[in-house]
Amino acid sequence: MDRQESVDRQDAKDRRASMDGQEPEAHQERRSGEAGRRAHLVALAIGRPRGRGSAGGRGAEEGTPEESLEELARLVETAGLVVVGREVVRRARPDPATYLGAGKVEALAARAREGAFDVVVFDDPLTPVQQRNLERLLDVLVLDRTGVILDLFAQRARSREAKLQVELAQLEHLLPRVTGRGVELSRLAGGIGTRGPGETKLEVDRRRIRDRMAALRRALADVRAHRARLRGRRERSAVPVVALTGYTNAGKSTLHRALAGSDVLAEDRPFATLDAIARRVEPKAGEPYLLVDTVGFVRKLPPSLVAAFRSTLEEVAEADLILHVVDASHPRKEMQMAVVRRVLEEIGAAARPILTVYNKIDRRYPDGMPEVLPADLWDGVAVSAARGWNLDALEAAIQAALSGRREVVEALVPYDRAQWVAWAHREGWVLAEEARPDGIFLRVELEKGLAARLRSAVSPP
């Protein structure tokens, strides 16, 4: 059997696996087609002079094009490529056909013909027309930031839910790009930008893709229903939920491990966690709670990913308290915080109680936490999850924030209803307990719904 026949058979097998929701074999050996790929990064500055201070055509969240390129380089390198060059192209507006304009595209094509790079990655989303035209003119693989983020999510998805969510986002991104890309993608053998559903040869037609998307939406609807049932059980048991959120690589998973003693993956790289992982925390003093680790955010996060990860992000929107974890050492932490706040607004979580946690304080003060912190950290709690600094203060702040959902109840429990004493110890925080002639006096802090339940069951003292 010659090599082409072998490739064709593998392509067919991968397409069948993709349509069945399985991971093709070509993806399982994900590095084989990527080793040595060299990427050139391009950002477009719309009507913007050089310098940090000008706003230009971008929002304040996005910073300068140079800063955005720096973050894109981190994402690209995490995805397995080697960044060999980057540039900022300044134009009054994007070219509708090629994004950059004919002159700049020709200059890039000349460098590509010389073998300077194998991939061109754009910092902004490209339209399907722009991407097809650029691939035809440059004769190399062309990606945008959305494609890189989708690829990273595909690499990191572990649970069935995360894989379903990522595949749906990939298919929504792929659908308008099906026509005209089969030749380019067939030669890439499942490399970056092509990992996921239908990436080996795109003869999968639009109807089959839409059918698969419909099946994924049905499966995710089942996942959302299952999560809703779990939340309902948590609400009935009155266990508060504290959700970790923040910019990618802010240290959410490390903080989860430090507070909950969990074994969630914590790495110094983007998108280490995609799944909502919940663990019960039993603090030294105060009310137990469920701590949920969730997916991180990033600037220019593809809307399709926000929509696909709806079931995961609902854990944030329904939480009793949100811990907004910030990398205190990052020079653009204000920009990152603005991105997170915008996404929280999009998912309907901005009105929930939010506690800002400034993590990685050890990177700013490697010799130890100062007694007086700078003003930009006064609005939250500064910690080092990696070194365990100031976690007691964070636990106290969490309990103080959760106290708004609780109240202190005083009750006299008759001896023939002594089971309510054990119930109070199990469901609340008993502040005082005293045996009296006509019953057991309790002073207990409970969630408001449970407090009403105790009042209805026993008499006041």
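In this predicted model, strand 8 (residues 321-327) has seven of its seven residues buried, so the strand is largely enclosed by the rest of the structure. Its two faces are both covered, with Leu321, Leu323, Val325 and Asp327 buried on one side and Ile322, His324 and Val326 buried on the other. In a regular strand the side chains alternate between the two faces of the sheet. The protein that surrounds strand 8 has 461 residues, of which 54% count as buried, and its secondary structure comes to 17 helices and 13 strands.

**The six-stranded sheet around strand 8**

- Strand 8 belongs to an open sheet of six strands, arranged in the order 6-7-5-8-9-10 and with mixed pairing.
- The edges of this sheet are taken by strand 6 (277-281) and strand 10 (381-382), each of which has a single partner strand, so one side of each is left without a neighbour in the sheet.
- On one flank, strand 8 pairs in the parallel sense with strand 5 (residues 241-246) over five bridges, and within this pairing Gly246 stands opposite Val325 of strand 8.
- On the other flank given by the strand order, strand 8 runs parallel to strand 9 (residues 354-359) and is joined to it by six bridges, with His324 standing opposite Thr356 in strand 9.
- Strand 5 is also joined to strand 7 (residues 289-293), to which it runs parallel, by four bridges, and here Ala243 stands opposite Val292 in strand 7.
- Helix 10 packs on this sheet and touches strand 5, strand 6, strand 7, strand 8 and strand 9, while its direction makes about 155° with that of strand 7.

**Helix 10 against helix 15**

- Helix 10 (residues 252-260) also packs with helix 15 (residues 391-402), the two axes lying 11 Å apart at an angle of about 85°, which means that helix 10 is roughly perpendicular to helix 15.
- At this contact, Leu255, Ala258 and Leu259 of helix 10 meet Leu391, Leu394, Glu395 and Ile398 of helix 15, and the residues involved divide into six nonpolar, no polar and one charged.

**The four-stranded sheet**

- A further open sheet is formed by four strands in the order 2-1-3-4, with parallel pairing.
- Strand 2 (82-91) and strand 4 (141-144) are the edge strands of this sheet, each pairing on one side only, and neighbouring strands are turned by 25° against each other on average, direction ignored.
- Strand 3 (residues 119-122) pairs with strand 4 in the parallel sense over four bridges, and the bridge partner of Val121 in strand 4 is Leu143.
- Helix 3 (residues 65-78) lies across strand 1 (38-46), strand 2 and strand 3, and runs at about 150° to strand 2.

**Nonpolar cores**

- The largest nonpolar core has 51 residues, and those with the most contacts inside it are Leu41, Val76, Val121 and Leu305.
- Helix 6 (residues 145-156) supplies the largest share of this core, namely six residues.
- A second, separate core has 21 residues, including Val281, Val357, Val381 and Ala385.
- When neighbours within four places in sequence are left aside, Val121 is in contact with Ala39, His40, Leu41, Val42, Leu72, Val76, Leu143, Asp144 and Val148, a list that includes its bridge partner Leu143.

**Arg177 and contacts across the chain**

- Arg177 lies in the loop between helix 7 (160-174) and helix 8 (182-186), and it counts as buried because its relative accessibility is 6%, set against the cut-off of under 20%.
- Not counting residues up to four places away in sequence, Arg177 touches Leu126, Thr127, Pro128, Gln131, Arg132 and Asp144; Asp144 is also among the residues in contact with Val121.
- Although Arg177 and Val129 are 48 residues apart along the chain, their C-alpha atoms are separated by 8.2 Å.
- Across the protein, among contacts with a separation of 6 or more, residues 24 or more positions apart account for 69%.

Key:
Residues numbered from 1 in each chain as written. Predicted model: local features only at pLDDT ≥ 70, side-chain atom pairs only at ≥ 80, totals over all residues. Heavy atoms only, no water. Core = buried A, V, L, I, M, F, W, Y, C linked by side-chain atoms within 4.5 Å. Buried < 20%, exposed > 50% of the residue type's maximum accessible area, 1.4 Å probe, protein only. Contact = heavy atoms within 4.5 Å. Axes fitted to C-alpha atoms, helices over the stretch in contact; angles between N-to-C directions. Parallel < 35°, antiparallel > 145°, perpendicular 65-115°, else oblique. Nonpolar A, V, L, I, M, F, W, Y, C, P; charged D, E, K, R; others polar. Pairing = 2+ DSSP bridges.
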